[in-house]
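Trainee: Got a minute to walk me through this model before I head back to the bench?
Mentor: Sure, pull it up and ask away.

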Amino acid sequence: MYVTRNWHLDSMKVLTRSEITAVLTDLARKAKRSPNARMNRVVFRLAACVGLRVSEIAGLRLVDVCTTGSRPHVVVRAETAKRMRPRRVPLWWDAGTLADLTAWKETRRRDGAQARDPFLCCQKSGRYGAPLARHTLRRRFLTACKCLGRERLGTLTIHCGRHTFISHALAGGRTLAEVRAAAGHSSIVTTSLYLHVAVEDEGDLGELFA
């Protein structure tokens, strides 16, 4: 993708630190009684705290989410990545995201899911285990963000989660090279365009998303 230096990211497409905290807190409260809210929290984590595109979330398998070892990560396979560029996205950058994805993976395993089964799947009786469509994931992301209010919701899409991840990773002290690799950008120029986006960040990535 060709990018000019005149391109600027609309700050409304990036969730601030306080907005991320509000969404995760609201979903944590709802998740205690709602399986759907628990899944929505995972969708939000994958978009806004891991930076996956909707196609990458839809194609994610259990085996792609590596939650053990000293460098836990998410594998984005070539067949789901943009322009067939596989990559690994670190999970050790953020303890809260790692904890949520680990818990979800264990739940899927307890329900009988195998390594190559979808990481996120339909929960309805009769269709349990089927992959989620992209439009369903988009809807779930917006449902996750409902606590931000109708006006703010109107400015958001699931791709805003990706913008959020990149902006906060840079603000949290990750290098351009690290974030470029995690985001899968073809050029470091693309990554650098996120450097000056206001995110209300005061700490490292772990403090921000945990």
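What follows is a short chat about the fold, the core, the surface and two loop residues.

Mentor: One thing before we start: this is a predicted model.

Trainee: Okay. How many helices and strands does the protein chain have?
Mentor: The secondary structure comes to 10 helices and three strands.

Trainee: And in what order do the elements run from the N terminus?
Mentor: They go α-α-α-β-β-β-α-α-α-α-α-α-α. The chain is as compact as a globular protein of its length, because its radius of gyration is 16 Å and the globule rule gives 17 Å for 210 residues.

Trainee: What box do the C-alpha atoms fill?
Mentor: Roughly 50 × 35 × 30 Å along the principal axes.

Trainee: What about contacts between residues at least 6 apart in sequence?
Mentor: Of those, 64% join residues at least 24 apart.

Trainee: Let's go inside. What percentage of the residues count as buried?
Mentor: 50% of the 210 residues. The largest nonpolar core has 55 residues, and the ones touching the most other members are Phe-44, Leu-46, Leu-52, Val-74, Leu-101, Phe-119 and Leu-120.

Trainee: Which elements give two or more residues to this core?
Mentor: Several helices, including H1 (17-31), H2 (35-49) and H4 (95-110), and also strand E2. H2 gives the largest share, seven residues.

Trainee: You mentioned Phe-119. What is Phe-119 in contact with, neighbours within four places aside?
Mentor: Val-42, Leu-46, Leu-60, Arg-61, Leu-62, Val-65, Leu-101, Trp-104, Lys-105 and Arg-108. Leu-46 and Leu-101 are also on the list of core residues that touch the most other members.

Trainee: Switching to the outside: what does the chain expose?
Mentor: About 10,400 Å², with carbon and sulfur atoms supplying 52% of it.

Trainee: And how many positive and negative charges are there?
Mentor: There are 36 positive and 18 negative ones, and their mean positions are 8 Å apart.

Trainee: Last topic, the backbone. What's up with phi of Arg-83?
Mentor: It's near 55 degrees, a positive value in a residue other than glycine. Arg-83 is in the loop between strand E2 (73-76) and strand E3 (87-90). Met-84 is in the loop between E2 and E3 too, and its phi is also positive, about 60 degrees, although it is not a glycine.

Trainee: Is Met-84 buried or exposed?
Mentor: Met-84 has a relative accessible area of 54%, so it counts as exposed.

Trainee: And why does Arg-83 count as partly exposed?
Mentor: Because its relative accessibility is 48%, and exposed means over 50%.

Conventions. Residues numbered from 1 in each chain as written. Predicted model: local features only at pLDDT ≥ 70, side-chain atom pairs only at ≥ 80, totals over all residues. Heavy atoms only, no water. Helix = DSSP H or I, 4+ residues; strand = E, 2+ residues; numbered from the N terminus. Buried < 20%, exposed > 50% of the residue type's maximum accessible area, 1.4 Å probe, protein only. Rg over C-alpha atoms; globule rule 2.2 N^0.38 Å. Contact = heavy atoms within 4.5 Å. Areas by Shrake-Rupley, 256 points an atom, 1.4 Å probe, with all protein chains shown as cover. Lys, Arg positive; Asp, Glu negative; His and termini not counted. Charge placed at Lys NZ, Arg CZ, Asp CG, Glu CD. Core = buried A, V, L, I, M, F, W, Y, C linked by side-chain atoms within 4.5 Å.
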